[in-house]
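Please walk through the strands, charged pairs and aromatic rings of the structure shown below. The text follows one strand and its neighbours before turning to side chains.

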Amino acid sequence: MSQTFGKTRWRRFAVVMVPSIAATAAIGVSLANSALAASFSVSGQSFKVSTSKLHGTNFAQFGSVDVEANGTFHPVAVSAFDTATINNLCQSVVTDLSALGLGKVTLQLNAGGDPNKPVEAQNLLIDLDQLDADAEFRGINIGQDASTLNSDALKGWKTHEKLHSQGLPTGKQGFAQAAPEATLSNVQQRAWATSAGTFKLNGLKLSLKNGDGPGNECY
């Protein structure tokens, strides 16, 4: 196991080596015994997320595959945080309604704009395939066996994997990384799914915008 102490910083690093944060409009979902509440196959439609800052504890990341209801696979990097606070969260997803004569419509969600009231999450799992961010880790292990990860967020992984993923690698097959603390700034990412134990979106605002691209999507 490779271990590094102190500060480690990367800029726009490869997705398999960088943690991430995503959010959905599922608000205040509570779980018993840290088991995941989400029960879904991924929709086949990715969404964009940006945030000015995420601070998370007990971070872990490993590779997996999300599955649509029709059996289509999407390779992803799964990021897990036991707790996370998120400032200036934005999520956007574009739907093409051209068949109805409406063109493309973007649903945009914003929360955590007040520095004193950030978005708060517990037992957070994010499945993504693209990320740009400034990242800082403390006490990071890179190349850890995924089966040895110790995280409250992963206690519900068996539920998560059965419902929309091919699962957590076992034995010595799975490459992973972990750190007790992670901070990400200027985050822009594309995600396929998010699951959380609790998700508190302070200052939630939701709007529908005509069209896509800059000004309508988060980035």
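What follows is an account of strand pairing, backbone angles, salt bridges and ring contacts.

This is a predicted model, in which local features need pLDDT of at least 70 and side-chain atom pairs count only at pLDDT 80 or more, while totals for chains, interfaces and linings use all residues. Residues are numbered from 1 along each chain as its sequence is written, and side-chain values use heavy atoms, with hydrogens and water left out.

Strand 7 is a convenient place to start. Helices (H or I, at least four residues) and strands (E, at least two) are DSSP runs, numbered from the N terminus. Strand 7 covers residues 119–138, and 14 of its 20 residues are buried, so the rest of the structure largely encloses it. Buried here means under 20% relative accessible area, exposed means over 50%, and partly exposed is in between, with a 1.4 Å probe and protein chains only.

Which strands pair with strand 7? Two strands count as paired if DSSP finds at least two bridges between them. Strand 4 (residues 73–87) pairs with strand 7 in the antiparallel sense, over nine bridges. Within this pairing, Leu124 of strand 7 stands opposite Phe81. Strand 9 (residues 175–195) also runs antiparallel to strand 7, and 12 bridges join the two. Here Gln188 in strand 9 is the residue opposite Asp132. Strand 10 (residues 198–200) is another antiparallel partner of strand 7, with three bridges. One bridge there matches Gln122 with Thr198 of strand 10.

The backbone of strand 7 has a feature worth noting. Most residues other than glycine have a negative phi, and most peptide bonds are trans. Asn123 is not a glycine, yet its phi is positive, at about 50°. This asparagine lies in strand 7, and its relative accessibility of 10% means that Asn123 counts as buried. Asn88 also has a positive phi, near 55°, and is a residue other than glycine. Asn88 is found in the loop between strand 4 and strand 5 (89–96). Is Asn88 buried, partly exposed or exposed? Its relative accessibility is 39%, so Asn88 counts as partly exposed.

Charged side chains come next. A salt bridge is taken as a side-chain nitrogen of Lys or Arg within 4 Å of a carboxyl oxygen of Asp or Glu. The structure holds five salt bridges. Among them is the pair of Glu136 and Arg138, whose closest N and O atoms are 3.6 Å apart. Glu136 is buried, at 16% relative accessible area, whereas Arg138 is partly exposed at 35% relative accessibility. Arg138 also forms a salt bridge with Glu181, where the closest N and O atoms are 4.0 Å apart. This pair links distant parts of the chain, since Glu181 is in strand 9 and Arg138 is in strand 7, 43 residues apart. Through shared partners, salt bridges join Glu136, Arg138 and Glu181 into one network. Glu181 is partly exposed, with a relative accessibility of 27%.

Another salt bridge joins Asp212 to Lys104, with 3.4 Å between the closest N and O atoms. The two residues sit in distant parts of the chain, 108 residues apart: Asp212 in the segment after strand 11 (205–210) and Lys104 in strand 6 (residues 104–111). Asp212 is partly exposed at 35% relative accessibility, and Lys104 is partly exposed at 39%.

The aromatic rings lead back to strand 4. Rings of Phe, Tyr and Trp (its six-membered ring) pair if their centres lie within 6.5 Å; planes under 30 degrees apart count as stacked, over 60 as edge-to-face and the rest as tilted. The count by this rule is two aromatic pairs. In one of them, the ring centres of Phe59 and Phe81 are 5.5 Å apart and their planes are at 40°, so the pair is tilted. Because Phe59 lies in strand 3 (residues 47–67) and Phe81 in strand 4, the pair ties together parts that are 22 residues apart in sequence. Phe59 and Phe81 are both buried. Together with Phe137, Phe59 and Phe81 form one aromatic cluster.

A last contact involves a charge and a ring. A charge sits over a ring if NZ of Lys or CZ of Arg is within 6 Å of the ring centre and within 35 degrees of the ring normal. Lys48 lies over the face of Tyr219, at 4.9 Å from the ring centre.
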